[in-house]
Amino acid sequence: MKNRLKIPILLAPALTVILLFFVGGLVLALLQSVGYMPIIGRYEVSLAAYRAIFAREDFYRSLALTAWIGLVSTAVSTIFALISALTLRRVGRGRRATTFIFQLNLPIPHIVGAIGILFLFSQSGFLARLGHLGGIIHEPADFPALVFDPYAIGIILEYVWKSTMFIGVILLAVLLSLGDSYEDVARSLGANRWQRFRFVLLPFLLPAIMSSSILVFAFTFGAFEVPLLLGQRYPSALPVLAYRSYTDVDLNARPEAMAMSVIIAVIISMLVFVYMQLTRRYLREE
């Protein structure tokens, strides 16, 4: 009996925090999204907020922009991570130091990276001033608009800078666990470098690529601090649009903000579900 109660007792503090802050916050957001806000005298439950946001043009523009940011950031990060992992795998002497340098930015918060992108790539930033001093451009304002631009290049740059290392570390761990035996067999059978990658390495890497890419896309889809700092005013990323509605002085805008938050949570939950299914399938195959 004591052994049965030991695990629940040990997990109780963490579960309490999760239930209070995560589940409680999710329930509160769901209630407010359907209009239940006693603080301003609204007790009637309805889907008016959802109907309102689905009728807004800026919602669809924000949704498209958010999907663009997530897809491009994830695709570019995955390609760079794969190239980096394959390169680091072949490093002999000094691999530990090289790998350590490669993953140095993992503990750096995204907001710090966003500020760095702002200082480097804005039209009044370091590179613009350096180009002006070097005679490459006439004025700093002639520097290409990479921040606050309609294509969210600055946002994508920050996510690529951060996510490449995250995916790369995962892929490198898979490659190092494989060793060289599979490639040696393929080489002895006459397979060239591309064939060894396509038919030997890629099948082993694909589960890790899929799972890590889904996690990165889910994060970039739901994060708001980087798009808030580096994105243009309109259209803004969907989390930024929800944040601005939430911080509106008119509390009647709160249900629409919560409705957008619930939609974001549903999309991310679906991605996490796909990630879990892929992981379980991979473990069963193993």
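Q: A polar contact is a pair of N or O atoms within 3.5 Å; within protein, one must be able to donate a hydrogen and the other to accept it, and residues adjacent in sequence count only if both atoms are side-chain atoms. Which residue's backbone oxygen lies 3.2 Å from a polar atom of the side chain of Ser211?
A: The structure is a predicted model, in which local features need pLDDT of at least 70 and side-chain atom pairs count only at pLDDT 80 or more, while totals for chains, interfaces and linings use all residues. Residues are numbered from 1 along each chain as its sequence is written, and side-chain values use heavy atoms, with hydrogens and water left out. Ser211 is placed in helix α9. At 3.2 Å from a polar atom of its side chain lies the backbone oxygen of Ala208.

Q: Is Ser211 buried or exposed?
A: A residue is buried under 20% relative accessible area, exposed over 50% and partly exposed in between (1.4 Å probe, protein chains only). The relative accessible area of Ser211 is 13%, so this residue counts as buried.

Q: How many helices are there in the protein?
A: Helices (H or I, at least four residues) and strands (E, at least two) are DSSP runs, numbered from the N terminus. The pattern along the sequence is α-α-α-α-α-α-α-α-α-α-α-α. The protein has zero strands, and the number of its helices is twelve.

Q: What share of the residues of the protein counts as buried?
A: The C-alpha atoms fill a box of roughly 75 × 75 × 35 Å, taken along the principal axes. Of the 286 residues in the protein, the share that counts as buried is 38%.

Q: Which residue caps the N-terminal end of α9?
A: The cap places a side-chain oxygen 3.2 Å from the backbone nitrogen of Trp194. The residue that supplies this oxygen is Asn192.

Q: At which residue does helix α9 bend?
A: A bend is the angle between axes fitted to the seven residues ending at a residue and the seven starting there. In helix α9, which covers residues 193-222, this angle is about 55°. A proline, Pro203, follows within four residues of the bend, which is at Leu202.

Q: How many salt bridges are counted?
A: Side chains of opposite charge can pair when their charged atoms come close. A salt bridge is a side-chain nitrogen of Lys or Arg within 4 Å of a carboxyl oxygen of Asp or Glu. By this rule, the count of salt bridges is three.

Q: Which residues are linked with Arg56 in a network of salt bridges?
A: One salt bridge joins the side chains of Arg56 and Asp58 at 2.8 Å, N to O, and Asp58 is buried at a relative accessible area of 19%. Arg56 also pairs with Glu256, their closest N and O atoms being 2.6 Å apart. Glu256 counts as partly exposed, with 21% relative accessibility. The partners of Arg56 in the network are therefore Asp58 and Glu256.

Q: How many residues apart in sequence are the parts that Arg56 and Glu256 tie together?
A: Arg56 lies in the loop between α2 (48-54) and α3, whereas Glu256 lies in helix α12. The pair therefore ties together parts whose separation in sequence, in residues, is 200.

Q: Which residue meets Glu57 in a salt bridge?
A: An α-helix has 3.6 residues a turn, so residues three or four places apart point the same way. Glu57 and its partner are both in helix α3, four residues apart, about one turn of the helix. The partner counts as partly exposed at 40% relative accessibility. At 3.0 Å, N to O, the side chain of Glu57 meets that of Arg61.

Q: Which element gives the largest share of the lining of the largest pocket?
A: On a 1 Å grid over the protein atoms alone, a pocket is an open set of points with protein on both sides within 12 Å along at least five of seven lines, and lining residues have an atom within 4 Å of a point. The largest pocket is lined by 18 residues, with Leu26, Ser261, Val262, Ile264 and Ala265 nearest its centre. Elements that give two or more residues to this lining are α1 (2-33), α11 (238-246) and α12 (254-285). The largest share, seven residues, comes from α12.

Conventions
On a 1 Å grid over the protein atoms alone, a cavity is a set of points where a 1.4 Å probe fits but cannot get out, and a pocket is an open set with protein on both sides within 12 Å along at least five of seven lines; lining residues have an atom within 4 Å of a point.
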